Amino acid sequence: MSIEISAIAKPKRSVWAAIKNGISGRCPNCGKGNLFKGYLKVQDSCSECGESFHHHRADDAPPYITMAIVGHLVVGGIFHLESSYQIEPMIHLYWAIPTMLILSLGLLRPIKGMIVGVQWANYLHGFDPNFTTATDMQ
């Protein structure tokens, strides 16, 4: 007894175009509509093409990626300055705290857009038109 699973062919979506559009805060599908309606709040759907975004699951990935990037840059800067110069510890606070805040706030939104774009391009988390979830049925 054999079981056949028929796969419905889905059109290929460009991951790199979706990432580029997501980073710039645009719809990963059409590249024209806004992806965000606030600083980090994702639109329910695109105003231009109608693509639905309400089911994305970016969750904790953007903060973790942001912390990894900012942490490596700031800690690397601290190590470099400590090994190259004789600097008072308070001087590190004067540049490290503002740098962490600016980098974190500057990277968080583009990274979240990138995650939503990757999910859209790979038909993940409700972006598959052949897959329905409990929230889609409501």
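What percentage of the 138 residues of the protein count as buried? The share is 29%. Keep in mind that this is a predicted model.

Start with the overall layout. The protein has four helices and zero strands. Read along the sequence, the pattern is α-α-α-α. Now look at how the chain meets itself. Take the contacts in the protein with a separation of 6 or more: 58% of them come from residues 24 or more positions apart.

Next, the nonpolar core. In soluble globular proteins, nonpolar side chains tend to be buried together. The largest nonpolar core here has 14 residues. Within this core, Leu35, Val42, Phe53, Val116, Trp120 and Phe127 touch the most other members. Helix H3, residues 89-121, gives the most to this core, with five residues. Val116 is a good place to zoom in. Leaving aside neighbours within four places in sequence, Val116 is in contact with Leu35, Val42, His56, Ala58 and Phe127.

Now follow helix H3 itself. How far apart should its ends be? H3 has 33 residues, and at 1.5 Å a residue they should span 48 Å. The end C-alpha atoms are 46 Å apart, so the model agrees with the expected span. H3 also has a bend of about 30 degrees, at Leu108. A proline, Pro110, follows within four residues of that point. Several residues of H3 are buried, including His92, Ala96, Leu108, Ile111, Gly113, Val116 and Trp120. Lys112 and Gln119 are also among the buried residues of H3. What do these buried residues pack against? Their partners are helix H1 (15-23) and helix H2 (61-84). Just after H3 comes Tyr123, with a positive phi of about 55 degrees.

Helix H2 offers a close-up of its own. Thr66 sits in H2. Is Thr66 buried or exposed? Its relative accessible area is 4%, so Thr66 is buried. The side chain of Thr66 reaches the backbone oxygen of Pro62 at 2.8 Å. Not counting residues up to four places away in sequence, Thr66 touches Ser104, Leu107, Leu108 and Ile111. Two of these names are familiar: Leu108 and Ile111 are among the buried residues of H3.

Go back to the segment before H1, where Lys12 lies. Lys12 has 81% relative accessibility, so it counts as exposed. Compare its place in sequence with its place in space. Lys12 and Ala121 are 109 residues apart in sequence. From C-alpha to C-alpha, they are 8.0 Å apart.

Finally, turn to the cysteines. A disulfide is a covalent bond between the sulfur atoms of two cysteines. How many disulfides does the model have? The count comes to zero. Why is Cys27 not bonded to Cys49? The sulfur of Cys49 is the closest cysteine sulfur to that of Cys27, but the distance is 3.7 Å, too far for a bond. The cut-off is 2.5 Å. Cys30 is in no disulfide either. For Cys30, the nearest cysteine sulfur is that of Cys46, 3.7 Å away. Cys27 and Cys30 can also be placed by accessibility. Cys27 has 0% relative accessibility, so Cys27 counts as buried. Cys30 has 28%, so Cys30 counts as partly exposed.

Conventions: Residues numbered from 1 in each chain as written. Predicted model: local features only at pLDDT ≥ 70, side-chain atom pairs only at ≥ 80, totals over all residues. Heavy atoms only, no water. Core = buried A, V, L, I, M, F, W, Y, C linked by side-chain atoms within 4.5 Å. Buried < 20%, exposed > 50% of the residue type's maximum accessible area, 1.4 Å probe, protein only. Helix = DSSP H or I, 4+ residues; strand = E, 2+ residues; numbered from the N terminus. Contact = heavy atoms within 4.5 Å. Expected span 1.5 Å × (residues − 1). Bend = angle between axes of the 7 residues up to and from the residue. Polar contact = N/O pair within 3.5 Å; in protein donor to acceptor, adjacent residues only side chain to side chain.
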